[in-house]
Amino acid sequence: MILHYKCPGCGSDMAFNAENGDLSCHSCGRQENIEKYPEELKSIRFSDNEATEFHCENCGAVLITGAETAATNCGFCGAGVVIADRLSGQLAPAKVIPFTISKEEAMAAFKKWCSKGLLTPKGFMNADRIKNITGIYVPFLLFDLNSKVQVSAECTKVRTYTEGDYIYTETKFYDAFRDINLDYLKIPVDASVKMSDELMDKLEPYPYDQLKEFKTPYLAGYMAEKYQYNDEELLPRAKDKIGGYINSYISSTFSSYHSVLYKNKHIDTRNVNSHYVLLPVWMISYDYNKAEYTFAMNGQTGKIVGKPPISRGRVTAWFSGITAGTFFALKCVSYMMGGGFW
């Protein structure tokens, strides 16, 4: 089932407006409140070999999509369409964080970000080589995790004191045990095959207080994907993401000791709950020197991540400047200490 959102006033296509959060008609300017917009979705789950050909109800063109595509734009008339069957039943997201940064704002922010590159090639910084910029709702699973931790360790406390002409060092040994219960809420893990895990992780954090009940009009005018990994497949990644925090918390409970030798550490992390959500990402493809670079922007906060090219000349000049500055500083210190310049 293909959904188009038509303007009740003039019949033109409507799309989600990131600036005000409404469905907007670019022809007559009409705004529709999404929270009050009625919609009904079919409860159909596609099979693994589902069809990837659909017809645009706006112009009749054939839309060819990947099996994971949930929303797209018609390549002929440009209408934003939502493949509602892929967002219903078991495939329906629970929540969505809508875009708050428009395409124009994303372009301007990316150009400003490029101009701050101290070590990027000069030609790269003018940001006029943008090949494509696409707003995509990326599928994520938000995990609520519980970790039960039991730790036993041999610890020491050291005290140094003076009596008469002697300095004494006293070391006391302790057998310590910790029984800890930790809860971590809304741990995000992207569930898309296409998206780089490294880029998606660096886009965090998202403002989860902005999560809204999912409604398909939020997707109108944007790309969207359905998830390709389930919670069982993504749970190990979620556990890895909190591993450092767990160890840091364990260490904090032994901070009163001078040394800690762990004899046993048992961590049992389980999935309490997981929620399928869609989070907004601007993907930017950039051509430079016959190579393509990919950047991502958090569609809510504006945070930009990616690896731009590095200019060898600028790196050399930068390190040369540091070396020269350090050399001059050492000369000044030497002169003030009576060594003079040489």
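This passage walks through the overall make-up of the chain, one strand pairing, one buried serine and a handful of salt bridges.

The model is a predicted one. Its chain runs to 342 residues, of which 41% count as buried, and the fold is built from four helices and 16 strands. Contacts reach a long way along the sequence: taking those with a separation of 6 or more, 71% are between residues 24 or more positions apart. As for the surface, about 19000 Å² is exposed, with carbon and sulfur atoms supplying 52% of that area.

On the strand side, β10 (residues 130–163) and β11 (residues 166–190) run antiparallel and are joined by 23 bridges. One of the pairings matches Glu 154 with Asp 175 in β11. The two strands make a hairpin with two residues between them, and Gly 164 in that turn takes a positive phi of about 65 degrees.

Over in strand β3 (residues 23–25) sits Ser 24. With a relative accessibility of 4%, Ser 24 falls under the 20% cut-off and so counts as buried. What surrounds Ser 24, once neighbours within four places in sequence are set aside, is Asp 13, Met 14, Ala 15, Asn 17, Arg 30 and Gln 31. With Asn 17 there is also a polar contact, side chain to side chain, at 3.1 Å.

Next come the charged pairs. Side chains of opposite charge can pair when their charged atoms come close. The structure holds twelve salt bridges. In one of them, Arg 30 pairs with Glu 32, with 2.8 Å between the closest N and O atoms. Arg 30, which is also in contact with Ser 24, is partly exposed at 36% relative accessibility, whereas Glu 32 is buried at 18%.

Another salt bridge links Glu 213 to Lys 95, and here the closest N and O atoms are 2.5 Å apart. Glu 213 belongs to strand β12 (residues 212–213) and Lys 95 to strand β9 (residues 95–96), so this pair ties together parts that are 118 residues apart in sequence. Both partners are partly exposed, Glu 213 with a relative accessible area of 48% and Lys 95 with 27%.

The helices have a link of their own: Arg 237 forms a salt bridge with Asp 197, at 3.3 Å between the closest N and O atoms. Since Arg 237 is in helix α3 (residues 231–252) and Asp 197 in helix α2 (residues 197–202), the pair ties together parts 40 residues apart in sequence. Asp 197 is partly exposed, at 35%. This bridge is part of a wider arrangement, as salt bridges with shared partners join Asp 190, Asp 197, Asp 201, Glu 204, Arg 237 and Lys 241 into one network.

Technical notes
Residues are numbered from 1 along each chain as its sequence is written. This is a predicted model: local features need pLDDT of at least 70, side-chain atom pairs count only at pLDDT 80 or more; totals for chains, interfaces and linings use all residues. Side-chain values use heavy atoms; hydrogens and water are left out. Two strands pair if DSSP finds at least two bridges between them. Buried means under 20% relative accessible area, exposed over 50%, partly exposed in between (1.4 Å probe, protein chains only). A polar contact is a pair of N or O atoms within 3.5 Å; within protein, one must be able to donate a hydrogen and the other to accept it, and residues adjacent in sequence count only if both atoms are side-chain atoms. Contact means heavy atoms within 4.5 Å. Accessible areas come from the Shrake-Rupley method with a 1.4 Å probe; for residues, only the protein chains shown count as cover. A salt bridge is a side-chain nitrogen of Lys or Arg within 4 Å of a carboxyl oxygen of Asp or Glu.
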